[in-house]
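Visitor: Could you take me through one part of this model slowly? I'd like a close look at domain 1, its strands and the side that touches its neighbour.

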Amino acid sequence: MTIFRGAVFDTPESPFAGGRLRASSDEGIVVRDGVIEARGPFTELRGAHRDDDVVALDGGLLLPGFVDTHVHFPQVRVIGGIGLPLLEWLERRALPEEGRLADPAYAARVAADFVSGLVAAGTTAAMVFGSHFQAAVDALFESAATAGLRVTSGLVVSDRNLPAELLSTPERAYEESAGAARRWHGVGRARYAVTPRFSLSSSDALLAACAAVLDDVPGAFFTSHVNENLQEIEQVTRLFQLSTYVATYDRHGLLGRRSVLAHNVHPGDDELATLAARTASIAHCPTSNAALGSGLFPLARHVHQGVRVALGSDVGAGSGFSLLKEGLQAYYTQQQLGADGYALWPAHLLHLATSAGAAALDLPDVGHLSVGQRFDAVWLRPAPGSTYDVALRHASGPDDALGKTFTLGTTADVAGVWIDGEPVRLVDRRRPTG
Ligand SMILES: [Zn+2]
């Protein structure tokens, strides 16, 4: 058994439903075989566990591991290609790089870059948007298994409106997706997600093939994009002759508790009602939405209509893997909406980055650090004398400390990451990979 000692913050109850930040400045967490067996003020806990090893996390904060609900593995090398809206950005920045993953050796190097970047940012579970190529998807699952990351991912499938090398057919999409699911779904911490790129690149026959894979793989997830950009929405509804984007997925039965759709910046009320009725989740990716000029995410409408929301970094169009940055941008976005914005507090940001993500990915054992949960955690420890350090030492209380963490904390402040109680080895990122 191990006792972790430090300042521990988490959100076991959703702040959107009246929950508050739970914070203790000197907490002990007893972990046995990856599970939290007890927790409480360290000095009280120590009496009952005199012989156990103590991991002293002096300074900074211990938080639940971050859960990223939308992040594209093939795009790690194209982060920062600024200057374009969605459809032009896809054509000129993202899709050419995605085509390069046809080379398995190249894909394996990208997978290693991606997984090491994700865990170094403190992310312990993720819904990863895969690649259009089977060998690349295998490489992603292999890299995630090596790191111990809880990954849900799958083969990206499309059969129209993309460069030829990224296209498949409904029949091939079924065979290859079912094959990848057989190799990875339920293996270790891996789970499979059926992944059409988006409706704009999918025919009804392809979406029907996706539904068939979901039917044939019990417990599989579904992920895609929805309502990101006005031009995209106009093209999708025209292509499908449907009044809404959500309907393109819903009429194939693709939306349910294990469905995660990215963005939803421009939903209709009827679409929100459908998403709520299906208990599907939205991955809100605020830095990507800002970078592509996609729009300001209507969080209040999602909350009021009962649609589940968590955070995603998106990556190619986002600003890196830090969910602290995404939380801060989510806050800025709501501020910019003025009276239409949802009034977010620091506890909301932590919930969105941890427990809300765990709920979206159907991981009931992680997301907060209560007794009985798996110990997935990230320790943020600012460099002495840094502005984050100064701000944290002068915080007026836990909520203030958390607000300062989302504002000033970076991936460079991640001092430790644990999954199932085991430390994740942080790869030396100074060593370049080809
Ligand atoms: Zn995306």
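Guide: Here is a walk through domain 1, strand by strand, and then across to the other domain. Keep in mind that this is a predicted model.

Let's get the layout straight. The chain splits into domain 1, made of 2–64 + 368–423, and domain 2, which covers 67–360. So much for the bounds; now for the strands.

Start with β1, residues 2–10, which pairs with β2, residues 22–32, in the antiparallel sense, and eight bridges hold that pairing on the map. If you want a spot to click on, pick I3: its bridge partner in β2 is V30. From β2 you can hop on to β3, residues 35–41, again antiparallel, this time through six bridges. Look at R32 here, since V35 in β3 stands opposite. The hairpin of β2 and β3 has two residues between the strands, and D33 takes a positive phi there, near 50°.

Now jump to the other segment of the domain. Strand β15, residues 377–380, pairs with β16 in the antiparallel sense over four bridges. W379 is a handy marker on this pairing, with G416 as its bridge partner in β16. β16 also pairs with β17, residues 422–423, antiparallel and over two bridges. One place to see that is W418, whose bridge partner in β17 is P423. Here, too, you get a hairpin with two residues between the strands, and D420 in the turn has a positive phi of about 55°.

With those strands in view, turn to the neighbour. The C-alpha centres of domain 1 and domain 2 lie 29 Å apart. Across the boundary, 26 residues of domain 1 are in contact with 24 residues of domain 2. On the domain 1 side, the elements that give two or more residues are β1, β5 (61–64), α16 (398–408) and β16 (414–419). You've met two of these already: β1 from the pairing with β2, and β16 from the pairing with β15. The largest share of that side comes from α16, which gives six residues. As for character, the domain 1 side divides into twelve nonpolar residues, nine polar and five charged.

Put it together on screen and you can follow β16 from two angles: this strand pairs with β17 over two bridges, and it is also among the elements that give two or more residues to the side touching domain 2. β1 can be read in a similar way, with eight bridges to β2 and a place on that list of contributing elements.

Notes. Residues numbered from 1 in each chain as written. Predicted model: local features only at pLDDT ≥ 70, side-chain atom pairs only at ≥ 80, totals over all residues. Pairing = 2+ DSSP bridges. Domains from an automatic or database assignment. Contact = placed C-beta atoms within 7 Å. Nonpolar A, V, L, I, M, F, W, Y, C, P; charged D, E, K, R; others polar.
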